[in-house]
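Me: I have a protein model open beside its sequence, and I would like to learn how to read it feature by feature. Could you take me through it with care?

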Amino acid sequence: MDIIAAYREAGTYRGAAEIAGTTHKTVKRVIARHEAGGAAPERAPRGRNYDGVAALVAERVEKTSGRISAKRLLPAARAAGYAGSPRNFRRLVAAAKQAWRREHHRGRRPAVWSPGEHLVIDWGAEGGLHVFCAVLAWCRVRFVRFARDERAETTLALLAECFEVLGGVPGTVLADRMGCLKGGVVANVVVPTAEYVRFAGHYGFRPDFCQAADPESKGIVENLVGYAKSDLIVPQAPFGDLAAANVAWCAEVNGVIHSEICAVPAERLVIERELLGPLPSLRASIGRQVTRKVDRLSCVRFASARYSVPVRLIGETVKLRTDDGRLLVIMTSMGQVVAEHFLVPPGGASVRDEHYGGPRPASPRRAVRPRTAAEKEFCALGPTAEAFITGAAAAGHTRLGPELAELNTLRAAHGEQAFAAALDRAVAFSRWRAADVRSILGAGAGVPGPTAEPGDALVLDLPVVPVRPLADYAIGGLS
């Protein structure tokens, strides 16, 4: 039965409830809604325990531009009479901040990049490792390199390498407010260092800096730094070869479709490269340089260490520059890098074989220089005589000097050809006395000569001698 008709019939809530088969509370609610015109009756708003401090919270949020935290604001609310929980108070502060941001939103618009215009750079650090990141804004080509520090010399050297990889120079380089490139700030305008201005003039780009705490101007490179940390540094650390990791990762991310532009960055770079400025013929001079003169050892000294340069530069003046743990030797006249070394500690030496025409000999060569008449006569025989003297000296033959006269006599007696052959045999068998050479000459040319290579079995044709069987030596055979 209808509840309203049952109520009209019974006249009471409970009576109508018994007739309609429901509760008296339901009957009361239905009758109240019917008398109100069919709509639900309005409820009186329920008060909250933080209503008394809502105005205080709104005032503080407005004063701090939405930056104050609920934890910082809670003591002031307690003093104003708030007795609720911190969790409920955080809800109030969050709602007040959301309302303030809704009224004070700056209305950012997406960036519109033009080809060849902007290169954005920034530094990041993770686990003591510094990473330099750059992105060409239109084609989204990423450039990432590791470094040991974030000094100005390192930054400019990596920026020069980035230009060479891109194949051109963009119109503007947008950097974060790096301390290595920032000379000062006047009226919120960044003044670049003089070295950075000279570098920009050499390559022909305009240096620009982001605004402080402005995600609009530096969000693109901040995302790249975070991407490089999460995708390269954290999963692959520690690195065995930093240079290989840099190149491999950049080739990978630049060769796949970018989610923002829906294109492959490496392919778009081909289009943008035509709009980039040309590279200068020479790299810019970066960092502090010192001048050194190449000494007679074809080396220069830097920080109490010695570094080799090509032999043709002996006596020339060169410039030295340190770059990311390396020492670059630069020709003063041409500006060309003629040698590159890793820095070594004081007292050390970095010597490269190609600067001297080949590797160092395994052992130093001690030249034989005859002085007396007997020495000159003996050494006139050539390399065989020198090898005999060197071998005899190494064997400790102290009577070699007095015996040279006897050896010269044997040479005159037997002829130069036979004496040279005997001397060769003496050297081959390490026989260093004059008596040994005399014995070889006395044996004549019919003696066998070893022809096997070192390590092979020595096989000689020995004379045949008569032998007896072992039975002849038995004990019973002697009785």
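Reply: What follows is a dialogue about confidence, the fold as a whole, one helix and one surface patch. This is a predicted model, in which local features need pLDDT of at least 70 and side-chain atom pairs count only at pLDDT 80 or more, while totals for chains, interfaces and linings use all residues. Residues are numbered from 1 along each chain as its sequence is written, and side-chain values use heavy atoms, with hydrogens and water left out.

Me: Where is confidence lowest, and where is it highest?

Reply: pLDDT is the predictor's confidence in each residue, from 0 to 100. Where it is low, the predicted coordinates should not be read in detail. The mean for the protein is 83, and 87% of its residues reach 70 or more; helix α9 (residues 215–236) has the lowest confidence, at a mean of 66, and strand β10 (residues 305–308) the highest, at 94.

Me: How many helices and strands are there, and what percentage of the residues is buried?

Reply: Helices (H or I, at least four residues) and strands (E, at least two) are DSSP runs, numbered from the N terminus, and the protein has 16 helices and 14 strands. Buried means under 20% relative accessible area, exposed over 50%, and partly exposed in between, with a 1.4 Å probe and protein chains only; 35% of the 479 residues count as buried.

Me: What does α7 look like by these criteria: mostly covered or mostly open?

Reply: The expected span of a helix is 1.5 Å times one less than its number of residues, and for the 15 residues of α7 the expected 21 Å agrees with the 21 Å between its end C-alpha atoms. The helix is mostly covered, with 11 of its 15 residues buried, including Leu 156, Leu 159 and Phe 163. Just after α7, Gly 167 takes a positive phi of about 85°.

Me: Why does Thr 154 count as buried, and which residues does Thr 154 touch?

Reply: Thr 154, which lies in α7 (residues 152–166), counts as buried because its relative accessibility is 2%. Taking contact as heavy atoms within 4.5 Å, and not counting residues up to four places away in sequence, Thr 154 touches Trp 123, Ala 147 and Asp 149.

Me: Which residues form the nonpolar patch on the surface?

Reply: Accessible areas come from the Shrake-Rupley method with a 1.4 Å probe, and for residues only the protein chains shown count as cover. Patches are made of residues with over 30% relative accessible area and no salt bridge, like charges being joined within 9 Å and nonpolar side chains (Val, Leu, Ile, Met, Phe, Trp, Tyr) within 5 Å; a salt bridge is a side-chain nitrogen of Lys or Arg within 4 Å of a carboxyl oxygen of Asp or Glu. Here Val 311, Ile 314, Val 351 and Tyr 356 form the patch, with about 310 Å² of accessible area together. Val 351, in the loop between β14 (349–350) and α12 (373–379), is partly exposed because its relative accessibility is 43%.
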